[in-house]
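Reader: I would like to see how the terms used for a structure follow from their definitions. Can you show me the model and go through some?

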Amino acid sequence: MFFPISHSHISPLYLAIIGFLIGILGGFFGVGGSFIAGPALRAMGVDWNFAVGTDLAHIVGKSVVAAKRHRALGNVDLKLGLLMAVGTIGGAECGAQLIQILKRTGNVNFVVSIVSIAVYVSISSFMIWESRKTLRNQTGKKRTSGNKSDESAFKHVTRRIQRLRLAPMVHLPVSGVRISLWIIIIVSFIGGLFSGFLGGGAGYIRMPSMVYVLGIPTHLAVGTDLFEIIISASYGTFTHAVKGNVDILIALVMNTGAAIGAQIGAISTQYFAGPKIRLAFVPLPLIGAAIVIYTMVTGHKL
Amino acid sequence: MKRDTAQTVRAFLVELVIYAVLVIGYFFLVLHFLGGWLYNLEQHHRYTYAGTAILLIIGQAVVLENVTSMLLRLIRGRTE
């Protein structure tokens, strides 16, 4: 099938299958899946700028489907999502500006690669440690809250953060959390900063931050992150489309597969406890790190 | 339990087949007609294209979510 906007020939079946796989990951973990979509589009000869912009458009569609399903399951905190969108958009703009500064100094590829590897590996290592410790602690205790039980070995730090009285305080009844607005803004700003700096939706940073820093239960963090991604990825899609980096036809085809995958992923979260979802999340940032290392070593951008 | 799982898998497979037929029809009809129009929009009216792109992707996602949910309800209802 010929896609005139990006001047590329791609099988619609290939796009639908890629969308399906990313949909499952997005629905289950609350991530955008750009570390798969970008290389998958590049492999079909789509230019890098179109791969980035089109991926963002596809993320919007997939997140709508997954967030709608999560909302039906009671896993979306709308108030938190809207507050986080403000910080994310601000952070994304700053991340993009940082890239422009690095471009001028000529170090952009090296700095972004090293920072991303460090971030990806740190997140994975921390989550392995935390989720395994939590699961070990849980085996000794009687489980009372079924599949959705959500203990965390990092809870003592989260509680300390929640006790910080920096006005204005925000009450989030859906998540059962009362926390300073500034902490929400800082967390979402950092997520947005990495999104603008490293590309993609940065769900691999935001979802764990929501759990460990804000103290949001894992299922709610996944659903709320998806809702928040709709807003921030729509903004990204608009700016990229204005710059001529979006082939919406490719995104629409990918989204046909993602619509099924995202629902399967979202429904599957019901059958896993929070620490198990977090443990299963660990390989995702490592895949991102592996892609960056491959690019650094071979010089080929995936 | 095993019967339930088999029913769910069967319902899902039936849904997938019906969905695939609908999607193939969608590729050939809607995208074929939209392609030229969107290409022209992208070339000459970038801001309109950007807004249209977002509306299209969100609109399609909402419709697809409703279609898959309806199919699943319909098929499960019949198999149970």
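Author: What follows is a short set of questions and answers on one helix, its neighbour and a contact between chains. This is a predicted model, in which local features need pLDDT of at least 70 and side-chain atom pairs count only at pLDDT 80 or more, while totals for chains, interfaces and linings use all residues. Residues are numbered from 1 along each chain as its sequence is written, and chains are lettered from A and ligands numbered from 1 in the order in which they are written.

Reader: What makes the span of α9(A) close to the expected one?

Author: The expected span is 1.5 Å times one less than the number of residues. Helix α9 of chain A, residues 218–242, has 25 residues, for which 36 Å is expected, and it reaches 35 Å from its first C-alpha to its last.

Reader: Where is the kink in α9(A) centred?

Author: The kink in α9(A) is centred on A:Ile229 and is about 25°. The bend is the angle between axes fitted to the seven residues ending at a residue and the seven starting there.

Reader: Why is α9(A) called mostly covered?

Author: A residue is buried if 20 or more other C-beta atoms lie within 10 Å of its own, C-beta atoms being placed from the backbone. In α9(A), 20 of the 25 residues are buried, so the helix is mostly covered.

Reader: How do the axes of α4(A) and α9(A) cross?

Author: The axes, lines fitted to C-alpha atoms over the stretch in contact, come within 8 Å and cross at roughly 40°.

Reader: How many residues does each chain give to the contact?

Author: Chain B gives 24 residues and chain A gives 27 residues, where contact means C-beta atoms, placed from the backbone, within 7 Å.

Key:
Two residues are in contact if their C-beta atoms, placed from the backbone, lie within 7 Å. Helices (H or I, at least four residues) and strands (E, at least two) are DSSP runs, numbered from the N terminus. A residue is buried if 20 or more other C-beta atoms lie within 10 Å of its own, exposed if 12 or fewer, and partly exposed in between; C-beta atoms are placed from the backbone. Axes are lines fitted to C-alpha atoms, for helices over the stretch in contact, and angles run from 0 to 180 degrees between N-to-C directions.
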